[in-house]
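I opened my notebook to work through this one piece by piece. Here is what I looked up, in the order I looked.

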Protein chains: 2
Amino acid sequence: MPSDPGDLGARLRESGLRLTPQRELILRAVEELGHATPDEVLAQVRTHASSVNASTVYRTLEVLEELGLVRHTHLSDRAPTYHSTREPEHFHVVCRRCGVVRSVDPEVAAPLVEALEREHGFSPDLGHLALFGVCSACSSESPATQ
Amino acid sequence: MPSDPGDLGARLRESGLRLTPQRELILRAVEELGHATPDEVLAQVRTHASSVNASTVYRTLEVLEELGLVRHTHLSDRAPTYHSTREPEHFHVVCRRCGVVRSVDPEVAAPLVEALEREHGFSPDLGHLALFGVCSACSSESPATQ
DNA sequence: GTTAATGCAAATTGTTTGCACTTTC
DNA sequence: GAAAGTGCAAACAATTTGCATTAAC
């Protein structure tokens with residue numbers, strides 16, 4: 001699912017921004033990795049190109065997020081992870097014990113979304129959501145341990 | 001709702017840990033502040049006591065969390081915020097535009113919890129959850145802007 | 001040729017660690 | 001008085017910023 005550079009260029013130009021090889025490489029890296037921290041994106045870019053600077057990665061991820069081409073979420077207490085918005089919208093569940101991350105169809109959360117809108121006038125953004133907990137494999141293994 | 005020092009002391013002793021003035025002050029600060037980052041806790045402690053070291057705040061919040069007396073969640077992309085578990089269990093919704101944080105009864109998310117358990121065998125921990133989105137005041141003000 | 005974008009190095013922010021000293025039990 | 005806890009300073013990780021240089025348009 002490599003990125004279509006024309007699309008990126010068009011989106012950038014709409015906002016008076018410029019298409020650079022770094023921006024193409026960084027978007028491509030995010031798409032290849034699925035979910036990745038800025039550091040991982042940097043490492044991935046370096047497998048293709050000689051080098052890109054870390055600050056360029058941060059600046060570019062910010063730009064790509066403003067353009068709506070990537071999103072970020074927090075899958076750990078450490079660095080955020082970015083993913084392409086070409087993937088269908090989803091939220092994440094993360095197992096605290098084994099660390100496994102699964103993407104979940106937002107439809108599952110529809111009742112929650114409706115209740116929050118109805119009862120609190122609040123429109124949640126599920127794309128940013130990561131829910132921590134314990135997966136089935138881990139809870140059957142050692143139900144007592146938290 | 002100041003903390004009962006006897007309770008803290010008892011919990012600590014159960015685990016072979018010691019009751020210190022710093023630990024009392026830090027727990028008290030968290031309870032007074034409602035939701036606070038380590039930095040804010042430090043500042044609050046200093047309004048009572050001459051001084052406590054920042055590393056003691058980090059170490060103590062970790063201990064208090066292990067004892068189940070406080071919990072943390074991520075209400076921003078920056079530092080985590082801690083709150084007392086004396087508050088009834090809740091999760092948080094955060095408005096991206098005005099920054100307002102509201103606590104929500106976990107009952108609202110019961111259908112989501114059940115669906116995740118049924119369909120994915122996943123038991124989510126709502127206490128750690130912060131949902132980002134837009135509150136009613138902000139969405140009526142300027143519905144177009146994200 | 002203008003202006004945006006990048007690279008680099010230094011500054012910031014949030015957090016952790018090693019170790020000598022202090023305090024609790 | 002033994003072991004746990006604290007303070008302090010230094011190390012660390014992730015990110016941001018200022019500014020000179022480079023590249024897109």
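**Entry 1: between the domains of chain A**

I began with the area buried between domain 1 of chain A and domain 2 of chain A, which comes to about 690 Å². Carbon and sulfur atoms give 54% of that area. I should jot down right away that this is a predicted model.

Which three residues supply the most of what domain 1 of chain A buries here? They are Arg71(A), Thr73(A) and Leu75(A), and they supply 59% of the area on the domain 1 side.

I also checked where the domains begin and end: the domain assignment puts domain 1 of chain A at 5–84 and domain 2 of chain A at 91–145. Their C-alpha centres lie 26 Å apart. For contacts, I got eight residues of domain 1 of chain A touching 10 residues of domain 2 of chain A.

Next I went after charges, and found one salt bridge across this interface. Arg71(A) makes a salt bridge with Asp125(A), with 2.7 Å between the closest N and O atoms. Strand 1 of chain A, residues 70–73, gives the most to the domain 1 side, with three residues. I sorted the residues of that side by type and got one nonpolar, six polar and one charged. Polar contacts across the two domains add up to four residue pairs.

**Entry 2: chain B against chain A**

Then I moved on to the contact between the chains. An interface's size is often given as the accessible area lost when its parts come together, so I looked that up. Chain B and chain A bury about 2,700 Å² between them, and 64% of it is on carbon and sulfur atoms. The contact takes 33 residues from chain B and 33 residues from chain A.

How many salt bridges are there between chain B and chain A? I noted two. In a salt bridge between the chains, the side chain of Arg96(B) meets that of Asp125(A) at 3.0 Å, N to O. I had already written down Asp125(A) for its salt bridge with Arg71(A).

I counted 14 residue pairs in polar contact between chain B and chain A. On the chain B side, the elements that give two or more residues include strand 1 (70–73), strand 3 (91–95) and helix 5 (110–120) of chain B. Helix 5 of chain B gives the most, with six residues. By type, the chain B side divides into 19 nonpolar, eight polar and six charged residues.

**Entry 3: the fold and a shared sheet**

I listed the elements of chain A and got six helices and six strands. From the N terminus on, they run α-α-α-α-β-β-β-β-α-β-β-α. The C-alpha trace of chain A spans about 50 × 40 × 25 Å along its principal axes.

Which strands make up the open sheet, and in what order? I wrote down 4(A)-3(A)-6(A)-5(B), with mixed pairing. The edge strands are strand 4 of chain A and strand 5 of chain B, each pairing on one side only.

I checked two of the pairings. Strand 3 of chain A and strand 4 of chain A pair antiparallel over four bridges, and Val93(A) stands opposite Arg102(A) there. Two bridges join strand 6 of chain A to strand 5 of chain B, and these strands also run antiparallel. In that pairing, Val134(A) stands opposite Ser123(B).

Conventions:
Residues numbered from 1 in each chain as written. Chains lettered and ligands numbered in written order. Predicted model: local features only at pLDDT ≥ 70, side-chain atom pairs only at ≥ 80, totals over all residues. Heavy atoms only, no water. Contact = heavy atoms within 4.5 Å. Buried area = accessible area lost by both parts, 1.4 Å probe. Salt bridge = Lys/Arg side-chain N within 4 Å of Asp/Glu carboxyl O. Polar contact = N/O pair within 3.5 Å; in protein donor to acceptor, adjacent residues only side chain to side chain. Nonpolar A, V, L, I, M, F, W, Y, C, P; charged D, E, K, R; others polar. Pairing = 2+ DSSP bridges. Domains from an automatic or database assignment.
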